[in-house]
Amino acid sequence: MEDTPGGGTVGCSKDRVEDEIEVHVVNAGFNFAVTKRLTLFGDAYYVHSEEDYDRPYLGSIKSPNPWSEFDVSDYSDLEFDEYRISGGLAYNLKENLTVQIKATYADFDEDEYYMQDRDADVVYVTAGVKWNF
Amino acid sequence: MKKFVFLSIFLSLILSFSFFARAESIKPTGSVSIFGIYTDENDRLDNDKMSALGEYEEWWSGGEGNIKLDFDSLKFEGYVRDDYDWFANLKFDAKRMFQFKGSVNRMFHYFGHEIPFPEGYPDYTDGFQLQGSPWVYNDVIANQAGSKSYTTSAGSGTGAGGKIVRYTDLNVGKNYHIRITKYATSGIFHVPTLPGLKLFYDFNRYEKFGYRQMYYMGGKCATCHIYTYGRRINDRTNTLKLGLRITRKLWGLEYYYEYKDFEDKAKPRSFYPDEVHHPVKGPSALDPSKFYGEIFYNENNLLYANTSPDVYKYTHVAKFYLKGLPFYSKLVASYVYSNIKSEYDDDAGYELMSSGGNFDKERENLSPYFYAFLISLTSRPLDNLTINAKYRYYSIDADNVDITLYPVNATTAWPVCAGRNYPSWNPGYPYGNPAHYTYKSDYVLDRDVNEVKLALSYILKSKYVVSLGWEMENINRSSKQMNSQNPLDPNFPDVPYTKNYKDTTTNSVFLNFNGKPFKNLSFRFSFRYDYTDDPFEFKKAKCPVGASVNATYDVWQYYRKLIGSADPEDSYTTRLSLDFTPIKNLILGFNGKYIYQDNDDADWDKYIISVGANLTYQLTKRLTFNLGYEYYDIDTETPAVVPIFDG
């Protein structure tokens, strides 16, 4: 088929397409009791995810066509990296009373995206006290 | 239903605390913690940050608290994160005579606003004006490629065509979110005067509340003007189970009644569709602008978008087992009966959908029923050999939907078309002859299913367990698919859906091999192969290879001649997991899965690989490391048939 004729008609095109999704996840952590009272801890988490979609050859679309700029595979080709790193310390004020502080950095980086590029990062701190009885 | 929940929780709490007050020890063990979270408040105003990083995790400023209390017979655990996430669990055990569990769990989930075009496509956004056009649009998101000049608020350029696509967000700034709340309570009461008799109940309630973005097509403009608005989410599912269980030395019996419902309380989006015009508009005296009943709805019908029916399900379950038979055999039998009602809320105006236009639909609501019978025998003829044989039959049945399309006189309906020479094979009727027929649509889940399973399990040297088995499932469907006849043929039968689906029969073999060859090494291995003869498939799904057709939509539909199916013919599944402790302070774990599926008739294949490994290492008594890695890969290859409407 060369092109569609216009006037409310339909053409069809057939091709083989392949879609592949790959995800890698790595996590690591440690816990270090420096003294009887002081403990350091930390963890890291990383995700890489991507989807590759082979665009079918749409031989029936006129070229240039109204949507020639528009590659449908853009919707399905996705890729992002996300990682979170956190670290903190816990200190035993008494045998059953612990204060803890932890800082976390999270980063989300989209290389290929569905609609909008949502690159973002945040830092947040968590602090508090725990009482065991 | 709410009254029942509160009453049961209230009564259970009274019972719990009355027993608890008499308990010897009232001094609990446990913990209490309070934490504050701090972050830059401006981050919370950033839509990207909230939707990319805040979808599941509340990292913004606030507070959280935990509490754990453990009395002898009463355990309580609670967590609160502002008003967004919290849970409370309560367990009570009154000397095993009465056991109660109750929990409430709430989760907050944030959604962003989605603009339905990728960034960078195209450059024009606000104030788009095409050369020679008096119109200025503020919401253009795409434009036809061409040679015309255009101006926007960002400047001017060339390369635009006359067709534009617009997008309007009708709820700019609306906070899209969902709040999910789960309530669960269950209790078991051991009747003291009748040993072996237990009464039990189980209640779950699942609520979803909030707003989400919704697209809808309101009329003929929808193909080039896209709208989104905030769709209210307000639905709930209730499940109540009441039953009794009798356990004796050689036999047991259980019966329970289950009621389940789903109700969507959100008012759906309503709108009047645009007035429909015939593509060949003529003099008003002939009034050719309308489709004369060839459409299901017109501009006078209030329609509803994005709706869900309410569902009610009533189930009876009876189970029986018998022990003490020869070869340590155990016989299990069960019977299940369900009656389901699925109906639209009358307030949503669904009565409109069955009248008007040129068609009638006989049934509004769906009322399928389900029943199943199972019998299973497990025997141990040798000390290390176990045999299991199982048979299950189930059936789903429902009324059909009868739809009648009334004939339309094309010459009267489209007088302006008379005498025109397009299309060449059917001049005067650009959409072919108007179809009119009556068809009976069987409920697609209507079916009879038989399942058989045989399995052997052998214990080898007290270290390994080998299991071998065979399973067979046969599905006989009542519903039918469209036959091979051309719907544009004037002799088109009154019942186009006449082609039966073939039975779907799946034969499976499996092998499980688990063992612990050494004190510090254990493994689990399994392999399964499923072969499906005539998987659920649609005979007229795709164009033939190399096909090309420039024709009306109906004819193109008729041109579909190849099988389409999303179900596999062959499916291979292999799993392996290992736990290894080579030295005292090192723990290693591995898990892997490989699945391959294909369907030669529908010409597709797929594989899934999943591999994971983890390590925990205690370097010293004070320092511990952990490390983990997971890999997941899914690959699908299939023919794509792309219909292109060039209107």
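1. A first detail to locate in this predicted model is a single pair of residues in chain B: B:Val465 has B:Asn514, in strand E27(B), as its bridge partner. This pair belongs to a wider arrangement, since strand E24 (residues 464-477) of chain B and strand E27 (residues 504-518) of chain B are paired in the antiparallel sense, with twelve bridges between them.

2. Strand E27(B) also pairs with strand E28 (residues 521-533) of chain B, where the two run antiparallel and are joined by twelve bridges. Within this pairing B:Leu511 finds its bridge partner, B:Phe527, in E28(B), and the link from E27(B) to E28(B) is a hairpin of two residues.

3. For the chain as a whole, chain B holds 34 strands and four helices. Of its 647 residues, 11% count as buried. When contacts in chain B are taken between residues at least 6 apart in sequence, 63% of them join residues that are at least 24 apart.

4. Which residues make up the largest nonpolar core? This core has ten residues, drawn from both chains: A:Ala106, A:Phe108, A:Ala120, A:Val122 and A:Tyr124 on one side of the list, with B:Ile37, B:Ala52, B:Leu53, B:Trp59 and B:Trp60 on the other. Two or more residues each are given by strand E4 (97-112) and strand E5 (120-132) of chain A, and by helix H2 (47-53) of chain B; the largest share, three residues, comes from E5(A). As background for the reader, nonpolar side chains tend to be buried together in soluble globular proteins.

5. One member of that core, A:Tyr124, can be followed further: leaving aside residues up to four places away in sequence, A:Tyr124 touches A:Thr104 in chain A, and in chain B it touches B:Ile37, B:Tyr38, B:Thr39 and B:Trp59. A second core, separate from the one above, has nine residues, among them B:Ile141, B:Ala142, B:Tyr150 and B:Ala160.

6. On confidence, the model scores ipTM 0.86 and pTM 0.82, while chain B has a mean pLDDT of 81, with 75% of its residues reaching 70 or more. Where in chain B does the pLDDT fall below 50? One such stretch is residues 281-288, which has eleven contacts in the model beyond near neighbours in sequence. Residues 349-357 of chain B also stay under 50 in pLDDT, and for these the model has 15 contacts beyond four places in sequence. A careful reader should keep in mind that predicted coordinates should not be read in detail where pLDDT is low.

Key
Residues are numbered from 1 along each chain as its sequence is written. Chains are lettered from A and ligands numbered from 1 in the order in which they are written. This is a predicted model: local features need pLDDT of at least 70, side-chain atom pairs count only at pLDDT 80 or more; totals for chains, interfaces and linings use all residues. Two strands pair if DSSP finds at least two bridges between them. A residue is buried if 20 or more other C-beta atoms lie within 10 Å of its own, exposed if 12 or fewer, and partly exposed in between; C-beta atoms are placed from the backbone. Two residues are in contact if their C-beta atoms, placed from the backbone, lie within 7 Å. A nonpolar core is a set of buried Ala, Val, Leu, Ile, Met, Phe, Trp, Tyr and Cys residues joined through C-beta atoms within 7 Å. pLDDT is the predictor's confidence in each residue, from 0 to 100.
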